[in-house]
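Q: Please take a close look at one part of this structure and explain, step by step, how that part sits within the rest of the chain.

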Amino acid sequence: MLLSDKVTGGVVAVLGGLAFAYGSQLPPVPGQQIGPSAFPMVIGAGLVLCGGLIMLGIGHRFEEVAEADLASHTAPEQLAPLPAWRNWLALLPPALLAFYALVSETLGFLPTSAIMVLVASLAFGARPKLAVPLAIIAPFFINLIFLKLLRVPLPGGILPFPW
């Protein structure tokens with residue numbers, strides 16, 4: 001069943017409006033300029049904007065051009081079906097979240113997130129040459145953002161953040 005862009009855009013816009021309304025009801029944190037309301041309100045406003053653009057059909061022409069370009073370069077019989085094991089990749093993100101919930105307190109954020117980034121990168125097709133440096137560097141930047149900007153400490157575990 002195909003839904004029109006007006007319906008899907010409207011649903012996205014309504015969800016964004018609800019997120020914005022919920023975020024605006026959150027109480028501020030004393031002593032901080034940015035409180036817990038900022039994130040849901042920014043995401044909600046972005047969803048309302050994107051939903052409105054989808055409803056107006058902005059960008060639809062780009063989809064048609066991309067589909068026509070793909071059709072001109074490949075014949076339908078040339079497209080090989082994906083292997084059956086690829087269908088199971090949809091379960092990987094929830095499995096990684098469960099892994100984080102189970103081991104992050106013991107192992108710590110840095111090693112846990114490094115394992116998660118490495119597994120996800122390799123499973124979704126990244127080459128080890130890119131996946132390994134990303135798994136080493138990304139957790140430090142994420143921890144830095146949470147610690148310095150958001151002032152939310154993440155689990156230290158066996159390898160606490162050095163500063």
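**A close look at the largest pocket and an aromatic pair**

A: In this predicted model, the largest pocket holds about 370 Å³ of space. Rolling a probe the size of a water molecule over the atoms shows where empty space is left. The lining of the largest pocket is made up of 13 residues, and those that lie nearest its centre are Gln32, Ile34, Gly35, Leu149 and Leu150. Sorted by class, the lining of this pocket has 8 nonpolar residues, 4 polar residues and 1 charged residue.

The next part to examine is a pair of rings. A pair of aromatic rings is described by the distance of the centres and the angle of the planes. In this model the count comes to 1 aromatic pair, where the centres must lie within 6.5 Å. The pair consists of tyrosine 100 and phenylalanine 109, whose ring centres are 6.2 Å apart and whose planes stand at 80 degrees, so the arrangement is edge-to-face, because planes over 60 degrees apart count as edge-to-face. The two partners can also be described by their accessibility: tyrosine 100 has a relative accessible area of 22% and is therefore partly exposed, whereas phenylalanine 109 has a relative accessible area of 7% and is therefore buried, because buried means under 20%.

Phenylalanine 109 also leads on to a helix, since helix H5 covers residues 109–123, and threonine 112 has its place in this helix. With a relative accessible area of 0%, threonine 112 is buried. Leaving aside residues up to four places away in sequence, threonine 112 touches Phe99, Tyr100, Val103, Ser104 and Leu107, and one of these, Tyr100, is a member of the aromatic pair described above.

Finally, these parts can be placed in the chain as a whole. The protein chain has 6 helices and 0 strands, and read along the sequence it follows the pattern α-α-α-α-α-α. The radius of gyration of the protein chain is 21 Å, well over the 15 Å that the globule rule gives for 163 residues, so the chain is more spread out than a compact globule. Along the principal axes, the C-alpha atoms of the protein chain fill a box of roughly 55 × 45 × 25 Å. Of the 163 residues in the protein chain, buried residues make up 17%, and both phenylalanine 109 and threonine 112 are buried. Among the contacts between residues at least 6 apart in sequence, 58% join residues at least 24 apart.

How values were computed. Residues are numbered from 1 along each chain as its sequence is written. This is a predicted model: local features need pLDDT of at least 70, side-chain atom pairs count only at pLDDT 80 or more; totals for chains, interfaces and linings use all residues. Side-chain values use heavy atoms; hydrogens and water are left out. Rings of Phe, Tyr and Trp (its six-membered ring) pair if their centres lie within 6.5 Å; planes under 30 degrees apart count as stacked, over 60 as edge-to-face and the rest as tilted. Buried means under 20% relative accessible area, exposed over 50%, partly exposed in between (1.4 Å probe, protein chains only). On a 1 Å grid over the protein atoms alone, a cavity is a set of points where a 1.4 Å probe fits but cannot get out, and a pocket is an open set with protein on both sides within 12 Å along at least five of seven lines; lining residues have an atom within 4 Å of a point. Grid points are joined across faces, edges and corners, and a volume is the space filled by probe spheres set on the points. Ala, Val, Leu, Ile, Met, Phe, Trp, Tyr, Cys and Pro count as nonpolar, Asp, Glu, Lys and Arg as charged, and the others, Gly among them, as polar. Helices (H or I, at least four residues) and strands (E, at least two) are DSSP runs, numbered from the N terminus. Contact means heavy atoms within 4.5 Å. The radius of gyration is taken over C-alpha atoms; the globule rule is 2.2 Å times the number of residues to the power 0.38.
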